[in-house]
Amino acid sequence: SPALLALASFSRALHALACRSSPHAGFRLASLRSFDKGEMDEDLAELFATAEAAEVQSGKYAQAVELYLSIINSPRESDEVARLKENAIYKLGALYARGRDPDKLRVLLQSIRPFFAAVAKAKTAKIVRSLIDLVAEIPDTLPFQIELCRDSIEWCRAEKRSFLRQRIEARLAALLLAAGEYNKALELLAALLREVKRLDDKPLLVEIQLVEARVHHALRNLPKAKASLTSARTAANSIYCPPTLQAQIDLMAGTLHAEEKDYKTAFSYFYEAFENSEASANSAQAVLCLKYMLLTKIMTDSSDEVNAIITGKAGVRHAGEAMDAMRAVAAAHKKRSLKDFEAASVAFASHLQDDSLVAHHLETLYDILLQSNICRIIEPFSRVEIAHISTLIGLPVGKVEAKLSQMILDGKFNGILDQGAGCLIAFEEDQKERTYDATLETLHNMSAVVDSLYLKAQKITA
């Protein structure tokens, strides 16, 4: 700024005058430089305070941005100036994130790269990862985040910053998973795993293997997902695992147990993940864990316990649409009402249909409910119109007909569909004759006895 330049010119003039008039010019030069440095650092600190004040005032967004940029672009170099610049970067990044301007965040990240040469590599990694996290707070920026991570990885390769590159690559793999690019994510993770295993970086190894488990789960490859999760837990047992990371491990373990329909074990893992999420003040993840806990209760026909959990301390703390959605599903399941079930799915689509785990298990639950309702309706009939079943159950004719076809093919119902007449014809269950099966079983047992006696006889005669 003009004031700073004028102050610098004045200090140089004083220095020249002191050098000509005194033999102690060196001492006075050092004192003057120290005075000059301290004064300019104070000016930057005042500038930072002014920017913070402008930030909280309405209508002064542009002024705050300009002030933070002037601090970041200051040519001064000292520990105090570096600290002010770092804080200004965080503040400016937060301003851009609140203004939902990802392009300016990318420009900021690229423009401060010369500053990274003057700070420690660990601090550089912290700044870069913080700015990428700020971009993630802006909605609908997934492709932009992927592009930004790839750009940052290229810069890390050029600057030979392996520590930062590996962590950004792990972040990129998670973003590729969210974007549905599973094969690219697996290729990136395979190369990264080989490199990190050689370095024996256990914290990063846990994160990478956890992402790998999620990718395999998304591809429905449960054996490989379990293997990756087991590796992640083994590595986590040998280091201090932060509550956030431990919560993610428990959440993934609960998810895999739920896929195997072991809902009681899944509930215990989700509960552990919920407690660790609350310990790390991660409210969003805590709500997700609580929702999955309620899902396991519904899947084990324990709908009565859902209301007890929702009205308990944990449910009250995290009350919201997610809890309302699971309450509606539990009520529909308790009443065996398909209409209420579909109404809940439509009303809370963002919490039920957009969540892959909940959607998968609720689809299974819906099929069970639909099948039980159809069996209950057609039980008294030997011949019934499909349209009548559709009216009684409250679903379209096409959907009821498709489900009846599936039940007949799966052997769940003994009958045929007369599509010409639009009727379902039920057959009586054949009484299976057990005599032949019992005879075969007796002969098989007798054969085993004879073989055993033969072996004993051979030992005696030997």
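Q: Is Lys-399 buried, partly exposed or exposed in this predicted model?
A: Buried would need under 20% relative accessible area, and exposed over 50%. Lys-399 has 36% relative accessibility, so the label that fits is partly exposed.

Q: Which residue does Lys-399 meet in a salt bridge?
A: Side chains of opposite charge can pair when their charged atoms come close. Here the N to O distance is 3.1 Å, and the cut-off for a salt bridge is 4 Å. The partner of Lys-399 is Glu-342.

Q: How many residues apart in sequence are the parts that Glu-342 and Lys-399 tie together?
A: Glu-342 and Lys-399 meet in a salt bridge. Glu-342 belongs to helix H18 (residues 338-347), while Lys-399 belongs to helix H22 (residues 397-409). The pair therefore ties together parts whose separation in sequence is 57 residues.

Q: Is Lys-297, which forms a salt bridge with Glu-305, buried or exposed?
A: The closest N and O atoms of Glu-305 and Lys-297 are 2.8 Å apart. Glu-305 is partly exposed at 36%. Lys-297 has 17% relative accessibility, and the limit for this label is under 20%, so Lys-297 counts as buried.

Q: How far apart are the closest N and O atoms of Lys-202 and Asp-200?
A: Both partners count as partly exposed, Lys-202 at 25% relative accessibility and Asp-200 at 49%. Their salt bridge has its closest N and O atoms at a distance of 3.9 Å.

Q: Which helix holds Leu-443?
A: Leu-443 forms a nonpolar surface patch with Leu-440 and Met-446, with about 330 Å² of accessible area together. Leu-443 lies within residues 435-461, which make up helix H23.

How values were computed:
Residues are numbered from 1 along each chain as its sequence is written. This is a predicted model: local features need pLDDT of at least 70, side-chain atom pairs count only at pLDDT 80 or more; totals for chains, interfaces and linings use all residues. Side-chain values use heavy atoms; hydrogens and water are left out. Patches are made of residues with over 30% relative accessible area and no salt bridge: like charges are joined within 9 Å, nonpolar side chains (Val, Leu, Ile, Met, Phe, Trp, Tyr) within 5 Å. Accessible areas come from the Shrake-Rupley method with a 1.4 Å probe; for residues, only the protein chains shown count as cover. A salt bridge is a side-chain nitrogen of Lys or Arg within 4 Å of a carboxyl oxygen of Asp or Glu. Helices (H or I, at least four residues) and strands (E, at least two) are DSSP runs, numbered from the N terminus. Buried means under 20% relative accessible area, exposed over 50%, partly exposed in between (1.4 Å probe, protein chains only).
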